[in-house]
Structure formats: structure tokens, C-alpha cells
Amino acid sequence: MNTFSQLFREREKVWFLKLRSFLPVSPEGVLKIGNGFGHLSEMVRSQNQNTTVVDVAVFQETVNKDHVMLYDGGKLPFLDKSFDTTILNLTLHHIKDSREFFENEILRVTKKRVVLIEETYDNLFQKIHLVFRDWWMNSKAGQDCDIHWASYFSRSEMTRFIQDHGLRLVVRETIRHHSYFKELLVIDLP
Ligand SMILES: C[S@@+](CC[C@H](N)C(=O)[O-])C[C@H]1O[C@@H](n2cnc3c(N)ncnc32)[C@H](O)[C@@H]1O
């Protein structure tokens, strides 16, 4: 395991301990969109065996290659309301047209809850810093992910997005990370 994979595992363990109480009990299904090196996905699976993981790529360091379902990154290959809970960890901003994906795909396949870990910002300086660090960390780590400038959310936009879609914010934990933020959002569907 490379140093970045170890670092990500440690960070993902911290997120897992925060989000685990928001996961459903099997047989209710969990969808994890985005896998990275797979550490968080496997922690989630250890709690709920009925976990499905989708991604557009697997990496050399991915620990759970056999558990990842590849798809085209646009339309999730599932029927409406297939999963109780959907989780994205630092993945939404890697998805082209993230807002449309959230509206049309995440909310379509999810019955009850979205657990979102995202990097957010308040101003342009923070956004530039965040996008640069994201690109740099992923490149150094060997995670070749697309960067989409327009796919990042500011903190206020995230609040508006949740309100405008009639969603209910159950938990929002905001942690300052360098100049910008990492946030855990637990969002319930109506
Ligand atoms: C920087 S990694 C973060 C993953 C994180 N560590 C986790 O626990 O899932 C972002 C992941 O999003 C994936 N990704 C990019 N576009 C995607 C899409 N449209 N649907 C699903 N995953 C996508 C990338 O291939 C990569 O594995």
C-alpha cells in the first residue's frame, strides 16, 4: 500500500466513524458512488453487506477491485429507489454536471438518505486553492480523476441546493481544511 493509500485509509476511518450511525441495517441497500482506493467502501461493507459500489475506474492501489461495478459515469445502472442510502465521499466534484447528476441520478436511485462528504469553499481564493490541491493530491496519489471546475459547490450554494430540492438536512459537520472546508452532510429525501 502506498503512502497516500495509507493516508486516505486513516482519513476515511475518521469519516466512517462519523457516518456509520447514519447507515441502514442490512438488508436495506447502500450505494457508494465513487470508490477511490476502496477503504471507505469496504468499511461501509463491513457494516452493511448489502453495499453496491460504482465507479468509472479502478486504480493500481484499489483494494477492492472485485467489488467495484464500472459504469459510464452518467446514468446509474439501477432502477428508481433501489437503495435506502447513497454515499459519496469526495466524489461529487469529480462528476461532470454534478448538480444535474445529483438531481437526476442520485435522487432517482435513493429512497431515503444521501450521505455526502464534500469539499466546499466560501470565496474564489479558497476555490482555487481547493481545486489545485485536489488535482495535486490525486495526481501524487495515483488516482487519475477528472477535475471539473464547475462541479464544486460553495457552502451557501450547498445550503440552497438542499432547500430548493425539498431535502432535509439532518446533520452538517464543517471542518476547516487548509483555507477551505471538508463537510459531512446527511441529507434526507422527503
Ligand atoms: C478522489 S476519489 C475519492 C474517492 C473516495 N476516497 C471514496 O471513498 O470514495 C474520486 C473517485 O470518484 C470516481 N469518479 C469520477 N467520476 C465518477 C462518476 N461519474 N461516477 C462515479 N465515480 C466517479 C473516481 O474514479 C475516483 O475513484
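**Exercise 1. In what order do the elements of the protein chain run from the N terminus on?**

Solution. The structure is a predicted model. Step one is to take the inventory: the secondary structure of the protein chain comprises five helices and eight strands. Step two is to place these elements in sequence, which gives α-β-α-β-β-β-α-β-α-β-α-β-β from the N terminus on.

**Exercise 2. Determine how the radius of gyration of the protein chain relates to that of a compact globule.**

Solution. First, establish the expectation: for 190 residues, a compact globule would have a radius of gyration near 16 Å. Next, take the value for the protein chain, 15 Å, which agrees with that expectation. The extent of the C-alpha trace may be added: along its principal axes it spans about 40 × 40 × 30 Å. Finally, consider burial and contacts. Buried residues constitute 33% of the 190 residues. Of the contacts with a separation of 6 or more, 65% are between residues 24 or more positions apart.

**Exercise 3. Describe the surroundings of strand β4 and the strands with which β4 pairs.**

Solution. Begin with burial: strand β4 covers residues 83-89, and seven of its seven residues are buried. Then turn to the first partner. Strand β1 (residues 30-33) pairs with β4 in the parallel sense over three bridges, and Leu31 stands opposite Thr86 in β4. On to strand β5 (residues 110-121): β4 and β5 pair in the parallel sense over six bridges, with Thr85 opposite Arg113 in β5. The path between β4 and β5 leads through helix α3 (residues 98-109), and this β-α-β crossover is right-handed.

**Exercise 4. Is Gln6 buried, partly exposed or exposed?**

Solution. First locate the residue: Gln6 lies in helix α1. Then apply the criterion: a residue is buried with 20 or more other C-beta atoms within 10 Å of its own, and exposed with 12 or fewer. Gln6 has 13 C-beta neighbours inside 10 Å and therefore counts as partly exposed. As a further detail, the C-alpha atoms of Gln6 and Phe37 are separated by 9.7 Å, although the two residues are 31 residues apart along the chain.

**Exercise 5. Which residues are the closest to the ligand, and how is the shell around the ligand composed by class?**

Solution. Start with the count: 20 residues surround the ligand, and the closest are Gly34, Gly36, Leu40, Gly73 and Asn89. Next, sort the shell by class: nine residues are nonpolar, nine are polar and two are charged. Lastly, identify contributing elements: α1 (3-19) and β2 (51-55) each supply at least two residues of the shell.

How values were computed:
Residues are numbered from 1 along each chain as its sequence is written. This is a predicted model: local features need pLDDT of at least 70, side-chain atom pairs count only at pLDDT 80 or more; totals for chains, interfaces and linings use all residues. A residue is near a molecule or strand if its C-beta atom, placed from the backbone, lies within 6 Å of it. Helices (H or I, at least four residues) and strands (E, at least two) are DSSP runs, numbered from the N terminus. Ala, Val, Leu, Ile, Met, Phe, Trp, Tyr, Cys and Pro count as nonpolar, Asp, Glu, Lys and Arg as charged, and the others, Gly among them, as polar. Two strands pair if DSSP finds at least two bridges between them. A crossover is right-handed if, with the strands pointing away from the viewer, the path from the first strand over the helix to the second runs clockwise. The radius of gyration is taken over C-alpha atoms; the globule rule is 2.2 Å times the number of residues to the power 0.38. Two residues are in contact if their C-beta atoms, placed from the backbone, lie within 7 Å.
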